[in-house]
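Student: I would like to learn how to read burial in a protein model. Could we begin with a single residue and then widen the view?

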Amino acid sequence: MLFGENRTPVECVFEQGFPMDVRRLTSRLIAAAAEFPEDFRNRHAKYLLASESSQGGFAGRAGRPDPYYTAFGLAGLALLGRLTKPIVQRAINAMLPPTGPLPTQSDPALPLDWRSFTLAELVGLVACAVLAQATSPLSDPFEPAELIGKDPFGRWGLSVQQVVQEYLCLVRRPDGGYAKHPASAISSTYATFLAALVQQWVDLPLEEPEKTARMLLLRQRDDGGFAEWPSVRQSGTNPTAAAIGWWSLAGRMPMSVRDRAAAFLATMQSAEGGFRAHGRIPMADLLSTFTALVALELLNAGSAVDRHSVRQYILSLELSEGGFRAALWDNTADVEYTFYGLAGLALLADAAAG
């Protein structure tokens, strides 16, 4: 098994992702999501269920399912308490087709070989596997014996640990970071966090964490934020959150990182209430808002921002028919941003009456 016994699917996915003080944060998120009003849960569950592909899995705006969006769709349903075993099984069958040691035929949107995935897609694939192994506590009377309690990657003659180890060797870079894709030459701050996240999920140790920490420190800019690439001078909300996430996973966070990063993130809150991607962008977006919230919680600095305004901003992105859009300029929901909206509101449950 990838995780301990007697755990719910949501706990398995979310708590695996934030192990520092993250147990407290995760428990609060799950408990808050359980208190969502029934009509709110029904509205967004209806949207997510309608977004499931007929073949299984979930798609982005391009219209074809892939592991990245499928992980968000499953996690969103898990937060709403509407994830069932058939949904997970259909996703696994779509994302990991049982065609031998490696898939030779699959949806045209998916690479024929997982080695050609982006790191984000690989993480999504593993998240699906984690949820597949976590379905036994669900109440739905469906018992796919080939799935429950087994590693879904076994249908390829591999374990999830083998897949992760082999793939990460392809994207590990000499500076201690990880690239977004095997063909990318330069390590990415975001990809480095994703690599640590997926290693935590499958119980693999971080490789040379001191080397990775040095690489990340070189990407902290004068304003306290972090840059995505070594050549970029502009710090951003999302790479800063990724760096904080990595240090949380590593269990080591220098004071200079913690204090300066928290101060930078606080400056990214806009007049709209949400968070901007970086200082040159005037408008907030839901991705940056969610990642900033998580990072501030991991830094124990959530009170540094106006939480009521953040909550109001997220609510302004909710569509009446269900789902959340990316920003005020957007008019279409998708499963990724719906997850950010749901999880963000759960993190801000304390601000509901503010």
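Tutor: Let us begin with a cysteine in this predicted model. Cys128 has a relative accessibility of 0%, and because buried means under 20%, it counts as buried.

Student: Is Cys169 buried or exposed?

Tutor: Exposed means over 50% relative accessible area, and Cys169, at 61% relative accessibility, therefore counts as exposed.

Student: How many disulfides does the structure hold?

Tutor: The structure holds zero disulfides.

Student: How should I read burial for a whole helix, and why is helix α5 described as largely enclosed?

Tutor: One counts the buried residues along the helix. Helix α5 covers residues 85-95, and nine of its eleven residues are buried, so the rest of the structure largely encloses it. Among these buried residues are Lys85, Pro86, Ile87 and Val88, and the list also includes Gln89, Ala91 and Met95.

Student: Which elements do the buried residues of α5 pack against?

Tutor: They pack against three helices, namely α3 (38-51), α4 (67-79) and α6 (119-133).

Student: What does the protein look like as a whole, in helices and strands?

Tutor: The protein has 14 helices and four strands, and 58% of its 354 residues count as buried. The exposed area of the protein is about 14,200 Å², of which carbon and sulfur atoms supply 55%.

Student: What share of the contacts between residues at least 6 apart in sequence join residues at least 24 apart?

Tutor: Of those contacts in the protein, 66% join residues at least 24 apart in sequence.

Definitions and conventions
Residues numbered from 1 in each chain as written. Predicted model: local features only at pLDDT ≥ 70, side-chain atom pairs only at ≥ 80, totals over all residues. Heavy atoms only, no water. Helix = DSSP H or I, 4+ residues; strand = E, 2+ residues; numbered from the N terminus. Buried < 20%, exposed > 50% of the residue type's maximum accessible area, 1.4 Å probe, protein only. Contact = heavy atoms within 4.5 Å. Areas by Shrake-Rupley, 256 points an atom, 1.4 Å probe, with all protein chains shown as cover. Disulfide = S-S within 2.5 Å.
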